[in-house]
Amino acid sequence: MNNSSSQTHSRPFRLALIGNPNSGKSSVFNRLTGLQQKVGNFPGVTVDKKLGSYELSNGEKINLIDFPGAYSFYPSAQDERIVVQTLANPLDENYPDAILYIADFTRLEKHLLLFTQIKDLGLPAILGLNMADMAEERGREVDTALLSKKIDAPVVVLSSHSGEGFQELEGYIDQLTQVETSNKTTAFYRPNAIEKRVALDLEQAFPTNTIYQNILLAHHYQWLPFLSDDKRQLIERVTEEHDFKTLRHQVQETMARFDQFEPVAKATIKETATDNPGFTERVDRILTHKVFGPLIFLLLMLFVFQAIYAWAGYPMDGIEWIFGQLNDVVKAVLPAGWLTDLLTDGILAGLGGVVIFIPQIAILFFLINLLEEVGYMARAAYMFDSLMHFFGLNGRSLVALISSGACAIPAIMSTRTIANWKERLITILVAPFISCSARLPVYVVLIGFVVPAGDGDGFFNQQGLAFMGLYLLGIIAALGTALFFKYILKTEERSTLMLELPEYRRPLFRNVTLNVWDKVRSFVIEAGKVILIISIVLWALASYGPADKMAAVEAQTTAIATAQNLDATAKEDLEASLKLEASYAGQMGKYIEPVIKPLGFDWKMGVAIICSFAAREVFVGTMATLYSVGSAADDESGIIERLTNERNPVTGEQVYTTATSASLLIFYVFAMMCMSTLAVVKRETKSWKWPIFQFFLMTGIAYLASFAVYQWLA
C-alpha cells in the first residue's frame with residue numbers, strides 16, 4: 001500500500017486546502033492563486049470546488065483545490081462529506097498529493113481534530129496557522145519548532161491580511177512537492193483491536209488504501225458514492241462479523257484524539273490572560289441584542305437596497321451610451337440589410353438589455369460578501385434561529401434565504417449544512433421566493449412606471465423603497481409558504497443549530513472583489529449564452545412571418561392611417577408594429593394572449609414571459625429585442641424609453657400603465673421562472689416531484705396575485 005506524492009504521473013502536482021469553516025482557508029487560497037482560479041463541481045454533486053494554479057519557485061505549476069470546510073471525518077452535512085469521500089478514496093480524481101491545512105490560530109485547539117485525522121492518512125501536510133494578526137492582539141504566541149516536531153509537519157504562522165508568513169509558506173510548498181508519501185501507520189490514533197481486524201479484512205478489496213482509510217470505509221460505506229454494490233455488501237458483512245458499532249467507535253476515536261493533541265496545544269501555545277472582554281464580545285452585545293440586533297439587520301438590508309439604486313446610476317448611463325455608440329458604428333460600417341438588423345436589433349439590443357444591469361448586480365454581491373467577510377452573516381443566522389424555527393426553518397436557513405438575493409442556485413446548494421431533512425426541504429422550496437439578482441433588471445425597468453422618481457438622489461427615494469418592498473413581499477411569501485409546509489410535512493427528526501460564530505475581522509477586499517468578479521462573470525456568461533441564442537431566435541421570429549399575414553399588413557396600415565389621418569412617420573411606426581404582430585413571434589404571443597389578458601399583459605409580454613422561463617433576466621433582453629424590431633424609434637433610446645413610448649397600434653393608448661406594470665412586477669416576484677433552479681432542486685432532492693410541485697405552486701400564486709393587482713388598479 002503505497003501512494004507516491006512525487007510526480008511520476010503526467011498530471012500536475014495537486015495540493016488540497018482543507019480546514020474548518022471560518023478558518024480563512026479561502027483567503028489563503030485567493031492569495032496564492034489570485035485570478036488564476038475557476039469554479040467547478042465535485043463529481044456527481046452540485047458542491048462547488050475552487051481550482052487554482054500556483055507557480056513554484058522553479059517555474060513549474062501545480063494545482064490547488066479549495067475543499068469545503070469540514071470539522072472532522074464524521075460529517076453532519078453534505079459539504080463535509082465531500083472531504084471524506086475524496087480522502088477515503090485514493091483513486092478519486094481529486095485525491096491530493098499533499099495537504100495544506102489551514103487552522104484559525106485563535107482557535108487552534110478546536111481545529112486540530114481534522115488535522116490529526118488527515119495526518120493519519122499518511123499524506124504529507126503543512127499546518128498553516130491563519131489570522132496571526134488577531135492572535136497577536138490577544139497576546140497569543142506559538143513555539144512553531146516544538147509544534148512542528150510534535151505533529152511531524154511544517155508549521156507556519158500566516159496572516160491573509162498582511163501577507164505575514166506567505167514567503168515561508170511558499171518555501172514549504174516547494175519542499176512538499178518533492179516528498180514521498182510513506183503511508184506509515186497512524187500516529188495520533190491507534191486503532192483498537194476491532195478496527196484493526198476490520199481494516200485488515202478489507203485490505204485485499206482495497207489494496208491502495210491505508211489502514212485508516214479502510215476504517216473510514218467501515219464508518220461511511222452506506223453513503224460513499226464510489227463504492228460498488230459488491231464492495232458495499234462486503235464492508236457490511238465485515239462490520240457485522242466483527243460487531244463494529246460506528247457511533248461507539250467515532251466517539252472513542254474523537255476522545256482519544258483530543259487526549260493526544262490537547263497537551264500538544266497547551267505545551268506549544270502561550271496566551272496573555274486578560275479579564276477585559278474582547279472586541280468581538282463587545283460588538284456582539286449590540287449586534288446580537290434581542291431588540292437592537294434585528295433593527296440593525298433591517299437597517300443594513302435597507303442600506304443594501306438603497307445602494308443598488310444610489311450608486312449604480314452613472315455606470316448604467318455609461319453602459320447604455322456605449323451600446324448606443326456600438327449600434328451607430330455597426331449601422332455606419334455595414335450596409336443596410338438583414339445582417340445589420342440582426343447585429344443591432346437582435347444581438348446588441350438583447351445583450352445591452354442585460355449588461356446595463358451589471359452595476360446593480362455587482363453592488364448587491366459586493367455588499368453581501370462584505371457582510372460575510374466581516375463575520376456578520378453567521379450572527380444573523382444565530383439571531384433569527386428562533387424566528388426561523390417558528391416558520392419550520394432553521395437558523396442556517398436565513399443564510400440560504402439571504403444568499404437567494406444573489407441567486408437561488410447557490411442558496412439551495414448551501415442548504416446541505418442543514419441536518420434536519422424537513423427544514424432543509426422547506427428551505428429549498430421557499431428560497432426561490434426571495435428576489436434574486438436575475439429579477440433586478442425587471443424591477444429596475446418596471447418600478448419607474450409604478451412609482452414616480454420623486455427627488456431622485458435622496459437616500460430614501462421612493463423607488464428605492466419600492467425596490468425593498470418587492471424584496472419584503474418575496475420574504476413574506478417565503479415565510480408564509482414555509483409556515484404552511486411546517487404543518488404539512490411530517491418528520492421525527494429534531495431541529496438543531498450547530499454554528500461557530502467567527503471573530504469579527506477586517507474584511508479582506510481581495511476576497512470580496514474576487515467573489516464579486518466570479519459571481520458577475522458567471523452571471524454574464526451564463527445569462528449571455530441564453531440571451532444571445534434567444535435574441536437571435538427572437539429577431540428571426542419577429543422579423544419574419546406567414547407570407548399571407550405579412551402581405552396583408554400594408555393594406556391594413558393604409559386603411560388605419562387613412563381613417564386616423566396619420567402622417568408619414570406615424571404610418572411607418574404603425575406598419576412596423578403591425579408587421580411584428582403578424583410575425584411568428586406575434587403569432588406565438590397571440591396564442592397565449594387569452595390566458596394572460598386578465599393580468600393586463602399583451603402578446604409581446606407573453607413572448608417575454610415564455611422566454612423568461614429559461615431565465616428571468618431574459619425578460620428585459622427579450623423586450624429590448626422585440627421593441628427594437630417593432631419600432632422606428634431612435635435606436636439610441638434605452639429600453640425604459642422604448643417601453644414608455646409603446647402604444648397600442650389601434651387605440652393609441654399607452655401599453656405600460658401603472659396597473660399593467662404593477663401586475664408584471666407582482667408576477668415576477670412570485671413566479672418560478674428559472675429552469676436552472678428547478679434542475680438544482682431536482683438534484684438536491686433526488687426527485688422530480690419537488691421541482692414540479694414548486695413550479696406549479698409558485699406560478700399559480702404569481703398568476704392569482706397578478707390578477708388581483710391588475711383588477712384592483714385597472
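# Exercises on a predicted model

In helix α21, the buried residues (under 20% relative accessible area, 1.4 Å probe, protein chains only) are L440, P441, V442, Y443, V444, V445, L446, I447 and F449. The model is predicted: local features need pLDDT of at least 70 and side-chain atom pairs count only at pLDDT 80 or more, while totals for chains, interfaces and linings use all residues. Residues are numbered from 1 along each chain as its sequence is written, and side-chain values use heavy atoms, with hydrogens and water left out.

**Exercise 1.** State how many residues of α21 are buried, then give the buried share of the chain.

*Solution.* Step one: α21 spans residues 440-450, and nine of its 11 residues are buried, so the helix is mostly covered. Step two: of the 714 residues in the chain, 54% are buried.

**Exercise 2.** Count the helices and strands of the chain.

*Solution.* Helices (H or I, at least four residues) and strands (E, at least two) are DSSP runs, numbered from the N terminus. The chain has 32 helices and nine strands.

**Exercise 3.** Describe how α22 and α30 cross, and name the residues that meet.

*Solution.* Two packed helices are described by the angle between their axes and the distance between the axes. Here an axis is a line fitted to C-alpha atoms over the stretch in contact, and angles run from 0 to 180 degrees between N-to-C directions.

1. The axes of α22 (residues 462-488) and α30 (residues 658-670) come within 10 Å and cross at roughly 45°.
2. That makes α22 oblique to α30; angles under 35 degrees count as roughly parallel, over 145 as roughly antiparallel, 65 to 115 as roughly perpendicular and the rest as oblique.
3. The crossing of α22 and α30 is right-handed, a label used if the near helix is turned clockwise from the far one by less than a right angle.
4. From α22, L470, L473, G474 and A477 are in contact (heavy atoms within 4.5 Å) with L665, I666, V669 and F670 of α30.
5. This contact has seven nonpolar residues, one polar and no charged ones. Ala, Val, Leu, Ile, Met, Phe, Trp, Tyr, Cys and Pro count as nonpolar, Asp, Glu, Lys and Arg as charged, and the others, Gly among them, as polar.

**Exercise 4.** Is Q694 buried or exposed, and which residues does Q694 contact?

*Solution.* Step one: Q694 is found in helix α32 (residues 689-713). Step two: its relative accessibility is 1%, so Q694 counts as buried. Step three: leaving aside neighbours within four places in sequence, Q694 is in contact with I428, L429, P432, M672, L678 and V681.

**Exercise 5.** Which parts of the chain does the salt bridge of K25 and D66 tie together?

*Solution.* A salt bridge is a side-chain nitrogen of Lys or Arg within 4 Å of a carboxyl oxygen of Asp or Glu. The structure holds seven of them.

1. The side chains of K25 and D66 meet at 2.6 Å, N to O.
2. K25 lies in helix α1 (residues 25-33) and D66 in strand β4 (residues 61-66), so the pair ties together parts 41 residues apart in sequence.
3. K25 is buried at 7% relative accessibility, and D66 is buried at 6%.

**Exercise 6.** Work through the salt bridge of R140 and E109 in the same way.

*Solution.* Step one: the N to O distance is 3.0 Å. Step two: R140 is in strand β7 (residues 140-142) and E109 in helix α3 (residues 108-119), so the pair joins parts 31 residues apart in sequence. Step three: R140 is buried at 9%, whereas E109, at 30%, is partly exposed (from 20% to 50%).
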